[in-house]
Amino acid sequence: MLQKAEAYVRAHAPQVDPTFRPRFHLATPVGWINDPNGFCVFRGRYHVFAQFHPYDSVWGPMHWGHWVSDDLVVWTWLGVALAPDSPYDDMGCFSGTALEDGERLILIYTGVHRDADGRVVQEQCIAESHDGIHFEKWACNPVIGVKDLPPDGAPEDFRDPKLIRTPDGWRVIAANRGEKNGRQLSFVSPDLIHWTCEGVLLEGVGQMPECPDYGPCDGRDLMLTSVMNLPQDGLRFQNGHHDVVYLVGQERDGRLLPERMEAVDLGPDFYAPQRIRTPDGRSVMIAWMDMWQTDSPTHYLGHGWRGQFTIARELSIRDGRLLQRPVRELERLRGEAFEADVQVDGETAVPGLCGRRYDLLLDIAVRPGAWAEVRLLQDGGEYFSVRYDPQTQVLTADRSRCGYTMGPGGGPEVKPAGRAVLEGATDRISLRILVDQCSVEVFAGDGEVALTTLAFPKGPAEGISFAGQCAVHVRKWAL
Ligand code: FRU
């Protein structure tokens, strides 16, 4: 199955339609990807995998695709690492994580299969590699099974193991639905083979807190989790079906006691982040830049691919809040520079300011009582809007006037915009915006707010203009 998938990728990747292909974001060579998996450092290089379905640009039986990088921005496809070809994972190799352990690279993932009674179950499996390319699944899989669940644990919702090294062995945090609600369970093992459930690390966060990423950051315990059916709460949690949150706090007696829980990114296209510690000590996150329950023009127009990751982002915690900035390595890709001071009074174009792939820094001073807008990916009346209103302190990133929709089959969509309150902001704000063919990542201030949105304009869409009443200092680099 693995060879078949590899051969398919080789034959069909050259045929995907290049129109919307990103230039500095990791994207699937063909078919579909969702969650990042196994983000890690192995022998000094960065590796990341993805939930991968090679044969169509929609979700299907999950393989793991594999990429490597020396700088977190230029990623090279390494092939298919796992295929759903064993009795314990023949319905899919679902999400998981990776760790370097001496000479070997350990992957832990969720194997989905039917049990003897025909029920679909999810159990945790291990594969290892000695060259960082070829992986061998362990004969004793699954290593953490339904038998290890507490009595009320749903066997069909038990997934996304996060592997952690401890002073006396190993720990796994995995999502599981219990009788009352979703939770994350903690398992320990001396040898990666024998596992014991030691209890509930986190509960009471939505129906299913998927894809736990857990570990220290700036002296605190930081959990990133992608939550199904978190009750909507104004602008804090906007999606209703899938929201990514961070919890900052301290673990005590095996329980994470969160002091703060907020959205990681309030745009419509951000899910399933994972993070690593780089050799120079930075905490770096990467996420799926897309979302469940939407459709993509790259699928319904027959382009042959769907799925990409966000830019890798450096994380830090300040006053209990998560800050995120594009990795500094991105600056090495900066090409031609542009700089200008612009007085904006109504729709204002700036001679020489245009592009489809760039890094844009804006320092905006809004006139009293007014608002400010930057229009990206513009073709006449169609554009992507990033708008700030000091009266409400709300920053909006909105693709609803920009080309193809992401509703089913190209129809209307539920959430074409993300909105965030810039707490403490005045009439002066700073934005950093990354645009790459069909995506817009907006970072405000020091990275207190991020809004990630896909957008698929119909034409060349190289326009950049401003609207509202404001003064803007613009710096831009082609990427
Ligand atoms: C999250 C998720 C995971 C699961 C995977 C399946 O996006 O639903 O919980 O392991 O995707 O592809």
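Start by selecting Arg-220 and Glu-259: their side chains meet in a salt bridge, 2.4 Å from N to O. A salt bridge here is a side-chain nitrogen of Lys or Arg within 4 Å of a carboxyl oxygen of Asp or Glu. The pair links distant parts of the chain, with Arg-220 in strand S14 and Glu-259 in strand S16 (residues 255-263), 39 residues apart. Strands are DSSP runs of E, at least two residues long, numbered from the N terminus. Arg-220 is buried, at 18% relative accessible area. Glu-259 is exposed, at 58%. Buried means under 20% relative accessible area, exposed means over 50%, and partly exposed lies in between (1.4 Å probe, protein chains only).

Before moving on, note that this is a predicted model, in which local features need pLDDT of at least 70 and side-chain atom pairs count only at pLDDT 80 or more, while totals for chains, interfaces and linings use all residues. Residues are numbered from 1 along each chain as its sequence is written, and side-chain values use heavy atoms, with hydrogens and water left out.

**Stop 1: strand S14 and its partners**

Select residues 220-228, strand S14. Eight of its nine residues are buried, so S14 is largely enclosed by the rest of the structure. Now add strand S13 (residues 208-217), which runs antiparallel to S14 and is joined to it by eight bridges. Two strands pair if DSSP finds at least two bridges between them. Gly-215 in this pairing stands opposite Leu-222 of S14. S13 and S14 form a hairpin with two residues between them, and Asp-218 in the turn has a positive phi of about 50°. Next add strand S15 (residues 242-252), also antiparallel to S14 and joined to it by eight bridges. Look for Tyr-246 in S15, the bridge partner of Leu-224.

**Stop 2: Gln-184**

Go to strand S11 (residues 182-189) and pick Gln-184. Is Gln-184 buried or exposed? It counts as buried, at 0% relative accessibility. Show its surroundings within 4.5 Å, the heavy-atom cut-off for a contact. Leaving aside neighbours within four places in sequence, Gln-184 touches residues including Ala-174, Val-200, Leu-202, Pro-212, Met-223 and Thr-225. The C-alpha atoms of Gln-184 and Ala-174 are 5.4 Å apart, with their positions 10 residues apart along the chain.

**Stop 3: a four-stranded sheet**

Display strands S17, S18, S20 and S21: they form an open antiparallel sheet, in the order S17-S18-S20-S21. S17 (271-277) and S21 (321-326) stand at the edges with a single partner strand each, so one side of each has no neighbour in the sheet. Neighbouring strands are turned by 35° against each other on average, direction ignored. These angles are taken between lines fitted to C-alpha atoms, and in general run from 0 to 180 degrees between N-to-C directions. Five bridges join S17 to S18 (residues 283-288). Tyr-271 stands opposite Trp-288 in S18.

**Stop 4: a link from S20**

Select Arg-318 and Glu-448, a salt bridge with its closest N and O atoms 3.2 Å apart. Arg-318 is in strand S20 (residues 313-318), and Glu-448 is in the loop between S30 (439-444) and S31 (449-454), 130 residues apart. Glu-448 is partly exposed, at 29%. Arg-318 is partly exposed too, at 37%.

**Stop 5: the nonpolar cores**

Which residues have the most contacts inside the largest nonpolar core? They are Leu-362, Leu-376, Leu-395, Leu-431, Ile-433 and Phe-466, in a core of 56 residues. A nonpolar core is a set of buried Ala, Val, Leu, Ile, Met, Phe, Trp, Tyr and Cys residues joined through side-chain atoms within 4.5 Å. Center on Ile-433: its contacts beyond four places in sequence include Asp-359, Leu-362, Val-374, Leu-376 and Val-442. A second, separate core of 38 residues includes Ile-33, Met-289, Trp-305 and Val-327.

Stay here for Asp-359 and Arg-432, whose side chains meet in a salt bridge (2.7 Å, N to O). Asp-359 sits in S24 (residues 357-366) and Arg-432 in S29 (residues 428-436), 73 residues apart. Asp-359 is buried at 0%, and Arg-432 is buried at 13%.

**Last stop: the cysteines**

The whole structure holds zero disulfides (cysteine sulfur pairs within 2.5 Å). For Cys-197, the nearest cysteine sulfur is that of Cys-125, 17 Å away. Cys-402 is buried, at 1%. Its sulfur is 10 Å from the closest cysteine sulfur, in Cys-438, too far for a bond.
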